[in-house]
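Dear colleague,

I am passing on the structure we talked about, and below it you will find my notes on what turned up in it. Please read them with the model open beside you.

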Amino acid sequence: MLKRLWIVLDMVKIEHTIFALPFALMGAFLAARGLPTLAQIGWIFLAMICARSAAMAFNRLVDLPYDERNPRTSGRALPRKQLTRGFVIVFILASSTLFIFAASRLNFLSFLLSPLALAIVFFYSYTKRFTWLTHIFLGVSLACAPIGAWIAVRGSITPTPLVLGLAVMLWVAGFDLIYSCQDIEFDRREPLYSFPKRYGVAAALWFSAILHLLMIFLLVFLFCREGLGPISFVGLTFVGLLLAYEHSLVRPTDLSRVNTAFFTINGWISVLLFVMTMIDIMWSGS
């Protein structure tokens, strides 16, 4: 049982929670205008890990027929039969239940909206079957993180978390466009939809850059609206430089460094933006 649990945690790439978790914490700190309570941080951590784990396991389960035929994904746990479908279903149900429980420990609105959040992240897995806007739907899924964290702290919703969520959506959709370029040939052979399949790799990389530029402009607007100081803007400047470096790593004729662009750089982006914003908020509060 422990071995299978370790395999399923590896399958859902639990370490990639680093993409959305810092933005969730950023939403929580903005909502509190300082340090949220330790209880709030703890339940937000648990909710984030459980929701993402459930979503990733669900994605692996429903994509199994395609993963078995895709050379890039055929080595995953389910195609290799290291796990049974039944075990993955139980894992999804357990993760979803823990997520709803964590939401209930925060406030009533968080609990009320938790099934909707699960429905959104589960729905993404089906979008590649009918729309090339699947990358936007993935962005919407991760945009739930800062919005949910804001609600967890405030118990209400205002335009601020929606703007932050929109910025996250643009960021995620942008880097997913880059990542999906690897599967363009497979998508062309299968009844799957993606932006690179419809418009080509070059157009996908250009559209990704546009989305990331819009993200920067949106965060500038948000920081000004929230009255954040120079520390946040210094962090945002470094994020802009990292995004520029990310786009310099990939070319329509050379996708060999996509994994570096996707995993390493975007992990640094989310952590850096949260840390600098947190320092700014705490410094201003003191």
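I begin with a local pair: Arg188 and Glu185 form a salt bridge in which the closest N and O atoms are 3.0 Å apart. Both residues belong to helix 9, which covers residues 184-189, and they are three residues apart, about one turn of the helix. Arg188 is partly exposed, at 45% relative accessibility, and Glu185 is likewise partly exposed, with a relative accessible area of 46%. Please keep in mind throughout that this is a predicted model, and that every value quoted here is computed from it.

The chain as a whole

The secondary structure consists of 13 helices and zero strands, so that, read from the N terminus, each element in the run is an α element. The radius of gyration is 19 Å, which is close to the 19 Å that the globule rule gives for 286 residues, and the chain is therefore as compact as a globular protein of that length. Taken along the principal axes, the box filled by the C-alpha atoms is roughly 55 × 45 × 30 Å. Of the 286 residues, 53% count as buried, and the accessible surface comes to about 13200 Å², with 71% of that surface belonging to carbon and sulfur atoms. Among the contacts with a separation of 6 or more, 73% are made by residues 24 or more positions apart.

Salt bridges between distant parts of the sequence

The search of the whole structure finds eight salt bridges, including the one in helix 9 described above. Another joins the side chains of Glu226 and Arg33, at 3.2 Å from N to O. Because Glu226 lies in the loop between helix 11 and helix 12 (230-248), while Arg33 lies in the loop between helix 2 and helix 3, this pair ties together parts that are 193 residues apart in sequence. Glu226 is buried, with a relative accessible area of 15%, whereas Arg33 counts as partly exposed at 38%. The pair also belongs to a network of salt bridges that links Arg33, Arg225 and Glu226.

A further salt bridge is formed by the side chains of Asp63 and Arg129, at 3.3 Å from N to O. Asp63 is in the loop between helix 3 and helix 4, and Arg129 is in the loop between helix 6 (108-127) and helix 7 (134-154), so this pair ties together parts that are 66 residues apart in sequence. Asp63 counts as buried, at 5% relative accessibility, and Arg129 is partly exposed, with a relative accessible area of 24%.

Backbone angles in two loops

Arg33 deserves a second look for its backbone, since this residue has a positive phi of about 50 degrees although it is not a glycine. The loop that holds Arg33 runs between helix 2 (21-32) and helix 3 (38-62). Lys81 also has a positive phi, of about 60 degrees, and is not a glycine either. Lys81 is placed in the loop between helix 4 (64-69) and helix 5 (85-104), and with a relative accessible area of 65% this residue is exposed.

Aromatic pairs

The search of the whole structure finds 14 aromatic pairs. In one of them, the ring centres of Phe195 and Phe207 are 4.9 Å apart and the planes stand at 20 degrees, so the pair counts as stacked, the cut-off for stacking being planes under 30 degrees apart. Phe195 lies in helix 10 (residues 195-199) and Phe207 in helix 11 (residues 201-225), so the pair ties together parts that are 12 residues apart in sequence. Phe195 is buried, with a relative accessible area of 9%, while Phe207 counts as partly exposed at 26% relative accessibility. Ring pairs link these two phenylalanines with Trp132 and Tyr199 into a cluster.

One further ring is worth finding in the viewer, that of Tyr193, because the charged end of Lys197 sits over this ring by the cut-off of 6 Å from the ring centre and 35 degrees from the ring normal, at 5.8 Å from its centre.

With best wishes

Methods:
Residues are numbered from 1 along each chain as its sequence is written. This is a predicted model: local features need pLDDT of at least 70, side-chain atom pairs count only at pLDDT 80 or more; totals for chains, interfaces and linings use all residues. Side-chain values use heavy atoms; hydrogens and water are left out. Rings of Phe, Tyr and Trp (its six-membered ring) pair if their centres lie within 6.5 Å; planes under 30 degrees apart count as stacked, over 60 as edge-to-face and the rest as tilted. Helices (H or I, at least four residues) and strands (E, at least two) are DSSP runs, numbered from the N terminus. Buried means under 20% relative accessible area, exposed over 50%, partly exposed in between (1.4 Å probe, protein chains only). The radius of gyration is taken over C-alpha atoms; the globule rule is 2.2 Å times the number of residues to the power 0.38. Contact means heavy atoms within 4.5 Å. Accessible areas come from the Shrake-Rupley method with a 1.4 Å probe; for residues, only the protein chains shown count as cover. A salt bridge is a side-chain nitrogen of Lys or Arg within 4 Å of a carboxyl oxygen of Asp or Glu.
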